[in-house]
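Grab a pencil and keep the model open while you work. Try each exercise before you read its solution.

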Amino acid sequence: MATNSAPKIAAPDSPLRLLPKVELHCHVEGTARVQTVAELAAHHGIDIGVADPADLYEYESLADFLAAFGTVCSVLLEPNDFHRLAYEAAEDGAKAGITYREMFFSPGFHLDRGVPFETMWQGLVAGVAEGEADFGVRTRLILDIDKPKGLGPAMGLLEVARGLDRDLLIGIGGDSTERGLDHRMFAPLMAEAKNIGLKTCFHCGEDGPADNIRHMVEAGIDRIDHGTRLLEDPELTKRVVDEQIPLTNCPTSNVELSIVDTLADHPFAAQRDAGVLVTLNSDDPAFFQFDLADEYERVSAAFGLDHAAMMSIRDAAITASWLDDSDKAALRSDFAS
Ligand SMILES: [Zn+2]
């Protein structure tokens, strides 16, 4: 198995760690600390299949990763578990300089285990509120559907989303593998999400082709998660640039899951040079044993981007966020002070 490459390189006082940040692509389940997973497993009497909990976060492919993701989900059973998860996500996010985050949660994995939607929602709401009060990290949530389950279950979750607090739930996304999935099937989901006032994003062009990005752009997607393979389609790239459809890039995640070989091979800088509205994100920071500050350091080093360039990348995340214009202006003003 690959050993995660311990990319925790941003010192506590490094300028890029201290830089206030916005994060748009982070899964709350992917923030679960090893110790928390071990404690919840013990509490619930669940065997997580490894003698040393640290071994849980060792993998070399998206398939291995998704298996670990499932294990983490298996210990989240009660509102208090989700509360702790969201609270610790805020605590760890604050240490990376994050002050505003649009964060995914993935009900499909929990519903499969018989955990009611209300259980996770109740816990997440409480954890997000307490995390903001204690650590100053404002968090809004994106409901991620599990793409391989298909359109039917996704539309079912959208029905659940219809009644949730819109100050907290702001969008619908879709994660898990792209392999073998014709993303055109999700066009009705995008249309209905927009009908009920939710923003839309989808993981695409990660372990699947640029065609998946194109299909989601044609379905009117508001934001592309990953989009790693975008540049393989020049015509699509031009449209994404012209319409300034943001990408939530996660370069270290892509290296860790063998989507690209090294950071230097990642198209992040080339996409930016092409005029794509790129942003930097940690995806699943606990799983990769790093955080968003480390991601900034790593990308800065890999592509020779100076502090001013990293600040402009940070500012792009404000533009790409789903805050309204006055909130974006307030955040820019906060960051400038
Ligand atoms: Zn993701």
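**Exercise 1.** Work out how far helix H16 reaches, and decide whether it lies in the open or under cover.

*Solution.* Start with the span: H16 covers residues 325-336, twelve residues in total. From its first C-alpha to its last it reaches 16 Å, close to the 16 Å expected at 1.5 Å a residue (the expected span is 1.5 Å times one less than the number of residues). Helices here are DSSP runs of H or I with at least four residues, strands are E runs of at least two, and both are numbered from the N terminus. Next, check burial: a residue is buried if 20 or more other C-beta atoms, placed from the backbone, lie within 10 Å of its own, exposed if 12 or fewer, and partly exposed in between. Just one of the twelve H16 residues is buried, so the helix lies largely in the open.

Two notes before going on. This is a predicted model: local features need pLDDT of at least 70 and side-chain atom pairs count only at pLDDT 80 or more, while totals for chains, interfaces and linings use all residues. Residues are numbered from 1 along each chain as its sequence is written.

**Exercise 2.** Trace the sheet and find its edge strands.

*Solution.* Count strands as paired if DSSP finds at least two bridges between them. That gives an open sheet of eight strands, in the order S1-S2-S3-S4-S5-S6-S7-S8, with parallel pairing. The edges are S1 (21-23) and S8 (278-280), each pairing on one side only.

Now zoom in on S2 (residues 98-105). Three bridges tie S1 to S2, with lysine 21 opposite isoleucine 98. Six bridges link S2 to S3, and there glutamate 102 has arginine 140 as its bridge partner. S2 is mostly covered, with seven of its eight residues buried.

**Exercise 3.** Which residues touch the most other members of the largest nonpolar core, and which helix gives the most to that core?

*Solution.* First, the term: a nonpolar core is a set of buried Ala, Val, Leu, Ile, Met, Phe, Trp, Tyr and Cys residues joined through C-beta atoms within 7 Å. The largest one has 89 residues, and Ala86 and Leu124 touch the most other members. Helix H4 (residues 79-95) gives the most, with six residues. Finally, list the contacts of Leu124, meaning C-beta atoms placed from the backbone that lie within 7 Å: Val28, Phe82, Ala86, Phe105 and Leu141, not counting residues up to four places away in sequence.

Conventions:
Contact = placed C-beta atoms within 7 Å.
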